[in-house]
Amino acid sequence: MDVRRRLESFNNRWSLDFLTPLDMAIAGFTYSGIEDRVTCNNCNIILVNWKQGDNPLQKHIYHSPNCSFINSFTLTFTSRLKSFHNWPVNFLRPDNMAEAGFCYLGVKDLVKCIECKRDFCGWSQEKNPLQEHILKSPDCPFISKFVSTVDRRVITFHNWPVNFLRPDNMAEAGFYYLGIEDLVNCIECKRDFCGWSQEKNPIQEHILKSPDCPFISKFVSTVSGRVKTFHNWPVDFLRPVNMAEAGFFYLGNGDQVKCFKCLVCIDSWQLGVVPTTEHLRNSPLCSHVLRHREIFDVCGPFSSDDIQNNIQAKMIDDLLDSAGIIVKLKHVMNEYGHMASIKARLESFARCVRTFKQDINTLCEAGFFYSGNGQTDYVTCFFCTETLSEWEDADEPWIEHVKWSRTCAYVILNKGKNFVDQVLGVDNHNTECNQLELFNLISQRENTYILGTTMKIQTLKKQINRLHSPKSLIGKNQLRLSQMLNPNSVPDCMECKICFKEEIKVIFVPCGHAVACIECALTLKQCAVCRYPFSKLIRIYLSMNKENYEDLKLQPCGSKMSSSNKLNPMICKTCHNEDMSAVFLPCRHVYNCIKCAEEMDECPICTENVFSFIQFFL
């Protein structure tokens, strides 16, 4: 029933001169013809005993807040504003209250949100209506709609205390203010962000801590959005607009960028590199790059052969990753970086009063630290941040870690990809075929490099003719494919140059330096030698003859590191002239220099077939 028909029901029979029939009809009421009794045809409520000063709309909202008429009527700002008749709080303007989604109920300072149905009262001068609504009813549909635009999100930043971050920049990054210290929330992923400092950029912080947020995906889908991510971009010879046009947005970490479409990450940019060309080299099938048809002209930068080579390079990179030879990283963003050492993880269990069913040392070795409240059995991986609880007697920490976080780099680097595949029940035949395909692709190319690097993968001449059967590739002992040689003592020259406690166990990619153990490497963002950012690691197993090491300890200090001394642990174990500089594939043992590695057909340590090797620098 519309207003006109409701008004006709009063038909000059309405006797109260302090309430007009029009006011009653606008508030949704129809006159019953009996005294001052009115009714709503939507919710069927009957109201009587009207007094001077009563507001029909306020009484309707107060007595029947779920009425469909009220719900539709108060959807607009103007309608909500009409409810603030005789609003008693002079330091809060009715239009501000209505803008925050409230209707006045006509009782003291009691207001209600028609969407979430929550009542609000007890207003004081320091309270902001919108912030109060957000704080006490964050999941309210009205709030979700209100903060969907940048302009509206800016309004939430009333009394924003951080003077070095402008509200419009925060709002543009997808945040709205919760009214508590510097706490903001994302409109899409609902993640809270706080602890802002001058070096932090809102959009970069959002990307770093919530990379899968739908807001970020939409934000970086445009060139203008991607350009805004290049705050403090350190590469002065590459313009942010050119990087953005090539599909990249900046991650705020070193010079690492990411494609919004194919999600490939690229770092270590060199002078003279063209962003779109580099994008093609690293991700030749990316739909964003393929739209730039002009780069595929045979007279231009790339011919059809170049494109095919890039596709093969990408396939090799993917196979190296799937085989666990190269481990791609998502760096610890200092959230749990202080738990990288096993000592710190062991100390975290000091505040746990309950008895664990698992051995604490094993839990810590598996990357976990205690994250419970003292009574619970919550543990968290310092690297992948996966939290596990409710441990059963038969649960083994490493196995449970794999089950719940199969891509954790800490697990893959320590236990090997074979261990992960066995836990997950991956078909061994598929692994063999993937490795066969990998080494066939490498053997077909004159020069094969790890994608985005100058690190060459060289095929051994003796093995080229043996690349026809998966059996010959996997060899004699599948379980020893990535087995670690673990001597009781490690010579000083083989110790991690960061902690000087553990053995050197990884190669940084793309620079090729090997100077760190696994735990230290996972807390770094750039190589400790050349300062190049890295985003991948190769697990290696250094060769050390125990008998030679015992003899080495008897040598005078000055002779221990002589390059001509056969006892030097870093010297090639075959020629005893050059430093070890080749890592065998697929086993990743280190035994020879480059020249001697070319003549090998099987690894002297594990006797696995060796099909290629990668040069690196100790």
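A charge sits over a ring if NZ of Lys or CZ of Arg is within 6 Å of the ring centre and within 35 degrees of the ring normal. Keep that definition in mind as you open this model, which is a predicted one, and begin by selecting Lys-59 together with Trp-50. Here Lys-59 lies over the face of Trp-50, at 5.5 Å from the ring centre. For a second example, select Arg-118 and Phe-120, where the charged end of the arginine sits over the phenylalanine ring, 5.9 Å from its centre.

**Helix α11**

Next, select residues 202–209, which form helix α11, and show the side chains of Glu-205 and Lys-209. These two side chains form a salt bridge in which the closest N and O atoms are 3.1 Å apart. Because they are four residues apart in the helix, Glu-205 and Lys-209 are separated by about one helical turn. Glu-205 is buried, with a relative accessible area of 10%, whereas Lys-209 is partly exposed, at 33%.

**A sheet of three strands**

Move on to residues 248–250, which are strand β10, and residues 265–266, which are strand β12. With β11 they make an open sheet in the order β10-β11-β12, and the pairing is antiparallel. Both β10 and β12 are edge strands, each of them pairing on one side only. If you now add β11, at residues 257–259, you can look for the three bridges that join this strand to β10. Which residue in β11 is the bridge partner of Phe-248? The partner is Cys-259.

**Helices α20 and α21**

Now select Trp-398 and Tyr-410, one of the places where two aromatic rings come together in a structure for which the count is 30 aromatic pairs. Their ring centres are 5.9 Å apart and their planes meet at 10 degrees, so the pair is stacked. Trp-398 lies in helix α20 (residues 397–404) and Tyr-410 in helix α21 (residues 409–415), so the pair ties together parts that are twelve residues apart in sequence. Are these two residues buried or exposed? Trp-398 is buried, at 9% relative accessible area, and Tyr-410 also counts as buried, at 3%. Add Phe-382 and Phe-383 to the selection, and you have a cluster of four residues linked by ring pairs.

Stay in helix α20 and show Glu-400 and Lys-403, whose side chains meet in a salt bridge of 3.6 Å, N to O. Being three residues apart in α20, Glu-400 and Lys-403 are separated by about one helical turn. Glu-400 counts as buried at 11% relative accessibility, while Lys-403 is partly exposed at 47%.

**Helix α22**

A little further along, select helix α22, residues 417–424. Asp-421 and Lys-417 meet in a salt bridge here (3.0 Å, N to O), and Asp-421 counts as buried, at 9% relative accessibility. The whole structure has 17 salt bridges.

**Around Cys-520**

For the last stop, select residues 496–531 and 572–607, where an unreviewed UniProt entry places the feature "domain: RING-type". Over residues 496–531 the chain is 11% helix and 11% strand, with its end C-alpha atoms 16 Å apart. Over residues 572–607 it is 11% helix and 17% strand, and the end C-alpha atoms are 17 Å apart.

Then centre the view on Cys-520, which is found in helix α25 (residues 518–521) and is buried, with a relative accessible area of 11%. Leaving aside residues up to four places away in sequence, Cys-520 touches Cys-496, Ile-498 and Cys-499. Finally, add Ser-341, which is 179 residues away from Cys-520 along the chain, although the C-alpha atoms of the two are separated by 7.9 Å.

Key. Residues numbered from 1 in each chain as written. Predicted model: local features only at pLDDT ≥ 70, side-chain atom pairs only at ≥ 80, totals over all residues. Heavy atoms only, no water. Pairing = 2+ DSSP bridges. Helix = DSSP H or I, 4+ residues; strand = E, 2+ residues; numbered from the N terminus. Buried < 20%, exposed > 50% of the residue type's maximum accessible area, 1.4 Å probe, protein only. Contact = heavy atoms within 4.5 Å. Phe/Tyr/Trp six-rings, centres within 6.5 Å; stacked < 30°, edge-to-face > 60°. UniProt positions renumbered as here; feature names shortened; annotations may be inferred. Salt bridge = Lys/Arg side-chain N within 4 Å of Asp/Glu carboxyl O.
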